[in-house]
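This report describes one protein chain, beginning with its charged pairs and ending with its overall build. The sequence and the model come first.

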Amino acid sequence: MDRTIPDLVAPGLDVLFVGINPGLWSAATGWHFARPGNRFWPALHRGGFTPRLLHPAEQDELPGLGLGITNMVARASARADELTAAELVEGAEILTGKVERYRPRWVAVVGVTAYRIGFARPKAAFGPQPEPLAGARLWVLPNPSGLNAHFTPETLGAAFGELRAAVVATG
């Protein structure tokens with residue numbers, strides 16, 4: 001509880017994925033999206049970002065593929081709904097600073113509710129956002145947590161695939 005894990009970030013990435021915050025399993029292992037049942041890694045692969053399904057322990061391969069991971073809120077919790085609105089707003093400010101520093105081409109927030117609260121965009125929907133974030137194009141993806149039953153592995157993969165197509169189209 002309340003532990004943090006290091007960002008997986010480098011200058012000039014194609015896409016910086018932004019989780020809501022680390023879960024307890026991720027905090028224990030030090031790997032992003034590590035809980036069995038989290039569908040981030042399968043969605044990343046189905047969406048065409050990775051040539052094969054990676055295990056969370058292989059996360060260090062992502063920067064070589066032009067990808068990185070950070071979180072809106074650094075502290076771990078059992079559930080994202082344990083975070084306060086103030087934490088999400090502060091996290092959005094910190095994220096903006098990271099984007100200014102590392103200059104990814106795209107930022108993909110995985111969790112529309114966290115995005116809406118953190119960036120004061122109550123009507124934001126999934127997909128591309130009209131405003132950039134510190135010069136990066138901005139996209140909102142569904143939360144890949146196994147707790148998010150509204151999206152199947154197939155529909156999550158398709159959502160990630162839409163982002164991948166936009167990334168490829170913008171060179």
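Across the whole structure, which is a predicted model, a search finds eight salt bridges. Side chains of opposite charge can pair when their charged atoms come close. Three of the salt bridges are listed below.

| Salt bridge | Closest N to O distance |
|---|---|
| D14 and R105 | 3.0 Å |
| R75 and E87 | 2.6 Å |
| D81 and R79 | 3.2 Å |

The salt bridge between D14 and R105 has its closest N and O atoms 3.0 Å apart. D14 sits in the segment before strand 1 (15-19) and R105 in the loop between helix 3 (85-102) and strand 3 (106-110), so this pair ties together parts that are 91 residues apart in sequence. D14 has a relative accessible area of 27% and is partly exposed; R105, at 24%, is partly exposed.

R75 and E87 meet through their side chains at 2.6 Å, N to O. R75 belongs to the loop between strand 2 (67-71) and helix 3, while E87 is in helix 3, so the pair links parts that are 12 residues apart in sequence. E87 is buried: its relative accessible area is 19%, which falls under the 20% cut-off for that class.

In the salt bridge of D81 with R79, the N to O distance is 3.2 Å. D81 is exposed, with a relative accessible area of 57%, and R79 is partly exposed at 42%. Elsewhere, salt bridges with shared partners join R52, E58 and E61 into one network.

Is H32 buried or exposed? With a relative accessibility of 2%, H32 counts as buried. The residue lies in the loop between helix 1 (24-29) and helix 2 (40-46). Leaving aside residues up to four places away in sequence, H32 touches I5, P6, D7, L8, S26, W41, P56, Q59, I69 and N71.

The fold as a whole contains five helices and five strands, which follow the pattern β-α-α-β-α-β-α-β-β-α along the sequence. The radius of gyration is 14 Å, close to the 16 Å that the globule rule gives for 171 residues, so the protein is as compact as a globular protein of that length. The C-alpha trace spans about 40 × 30 × 30 Å along its principal axes.

Of the 171 residues, 48% are buried. Among contacts with a separation of 6 or more, 71% are between residues 24 or more positions apart. The exposed surface amounts to about 8,100 Å², with carbon and sulfur atoms supplying 57% of it. The protein carries 16 positive and 15 negative side chains, and the centres of these two sets lie 4 Å apart.

How values were computed:
Residues numbered from 1 in each chain as written. Predicted model: local features only at pLDDT ≥ 70, side-chain atom pairs only at ≥ 80, totals over all residues. Heavy atoms only, no water. Helix = DSSP H or I, 4+ residues; strand = E, 2+ residues; numbered from the N terminus. Buried < 20%, exposed > 50% of the residue type's maximum accessible area, 1.4 Å probe, protein only. Contact = heavy atoms within 4.5 Å. Salt bridge = Lys/Arg side-chain N within 4 Å of Asp/Glu carboxyl O. Rg over C-alpha atoms; globule rule 2.2 N^0.38 Å. Areas by Shrake-Rupley, 256 points an atom, 1.4 Å probe, with all protein chains shown as cover. Lys, Arg positive; Asp, Glu negative; His and termini not counted. Charge placed at Lys NZ, Arg CZ, Asp CG, Glu CD.
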